[in-house]
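Visitor: I should like to study this model with you, one question at a time. May we begin with the structure in view?

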Amino acid sequence: MTDTATAEAPAADLSAYKFRLNFFKLVVKDAGAMTSFYQRAFGFEERNRVAMTGLIEVMLAMPGEAFNLVLYQHTDGREIDIGSGYGPVGFLTRDVDGAYSHALDCGATAARAPFDLPSMRIAFVNDPEGHQIEMIQFARPAAAKE
């Protein structure tokens, strides 16, 4: 085995673990400002807030859901660099053009205006701290003609 090789994981019945995606975190510089942005731009509700030595976490959720976005702020003075080792946060919408304009009105910056791909329309914005957001509108099948 070389230094870059990894041992093969033992086979497992993954269904026994009952994995479900519960949340993801964005490290932010200003939890208060970013909470406000995600509430205004996308309709998140704050479900919980934890403040401990060195950090604040704000748990956000879409109405009717358990929390699924956590804004994490270091409060010990360290600098944050968003970097390039992540993909965009993705949202589905029924109106990508309207959602794109609304996000810009709430403080997002344009990354890529709405455009079409087969069976979908997509747009990208950056939140006020630079995290990329992708919005997708799937095309609805045309109604059957009578």
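Visitor: Which residues of H1 are buried, and where on the helix do they lie?

Guide: This is a predicted model. In H1, the buried residues are Ala31, Met34, Thr35, Phe37, Tyr38, Ala41 and Phe42. Seen down the helix axis, the buried residues of H1 fall within an arc of 160 degrees, so they line one face of the helix.

Visitor: How far does H1 reach from its first C-alpha to its last?

Guide: Helix H1 covers residues 31–42, which gives 12 residues. At 1.5 Å a residue, a span of 16 Å is expected. The model is close to that value, for the reach of H1 from first to last C-alpha is 16 Å.

Visitor: Is Thr35 buried or exposed?

Guide: Thr35 lies in helix H1. The cut-off for a buried residue is under 20% relative accessible area. Because the relative accessibility of Thr35 is 3%, this residue counts as buried.

Visitor: Which residues is Thr35 in contact with, leaving aside its neighbours within four places in sequence?

Guide: Contact here means heavy atoms within 4.5 Å. With the neighbours within four places in sequence left aside, the contacts of Thr35 are Glu46, Arg49, Val58, Leu60 and Leu71.

Visitor: Which backbone nitrogen does a side-chain oxygen of Asp30 reach at the start of H1?

Guide: The cut-off for a polar contact is 3.5 Å. A side-chain oxygen of Asp30 comes to within 3.1 Å of its partner at the start of H1, and that partner is the backbone nitrogen of Gly32.

Visitor: What is the order of the strands in the open sheet of four strands?

Guide: The pairing in this open sheet is mixed. Its edge strands, each pairing on one side only, are S1 (24–27) and S2 (45–52). Neighbouring strands are turned by 20 degrees against each other on average, direction ignored. The order of the four strands is S1-S4-S3-S2.

Visitor: Which strands does H1 touch as it packs on the sheet?

Guide: In that sheet, S2 and S3 (residues 55–61) pair in the antiparallel sense over seven bridges, and Glu46 stands opposite Leu60 in S3. H1 packs on the sheet, and its direction makes about 160 degrees with that of S4 (69–74). The strands touched by H1 are S1, S2, S3 and S4.

Visitor: Which residues form the covered face of S5, and which the uncovered one?

Guide: In a regular strand the side chains alternate between the two faces of the sheet. Strand S5 spans residues 89–92, and its covered face holds Val89 and Phe91. Its uncovered face holds Gly90 and Leu92.

Visitor: Which residue of S8 stands opposite Gly90?

Guide: S5 and S8 (residues 132–138) pair in the parallel sense, over four bridges. Opposite Gly90 in S8 stands Glu134.

Visitor: What is the phi of Lys18, a residue that is not a glycine?

Guide: Most residues other than glycine have a negative phi. Lys18 is found in the segment before S1 and is exposed, with a relative accessible area of 68%. Although Lys18 is not a glycine, its phi is positive, at about 50 degrees.

Visitor: How many Å apart are Arg140 and Arg94 in space, C-alpha to C-alpha?

Guide: Arg140 lies in the segment after S8 and is exposed, with a relative accessible area of 58%. Arg140 and Arg94 are 46 residues apart in sequence. In space, from C-alpha to C-alpha, they are apart by 9.3 Å.

Definitions and conventions
Residues numbered from 1 in each chain as written. Predicted model: local features only at pLDDT ≥ 70, side-chain atom pairs only at ≥ 80, totals over all residues. Heavy atoms only, no water. Helix = DSSP H or I, 4+ residues; strand = E, 2+ residues; numbered from the N terminus. Buried < 20%, exposed > 50% of the residue type's maximum accessible area, 1.4 Å probe, protein only. Pairing = 2+ DSSP bridges. Expected span 1.5 Å × (residues − 1). Arc of directions from axis to C-beta. Polar contact = N/O pair within 3.5 Å; in protein donor to acceptor, adjacent residues only side chain to side chain. Axes fitted to C-alpha atoms, helices over the stretch in contact; angles between N-to-C directions.
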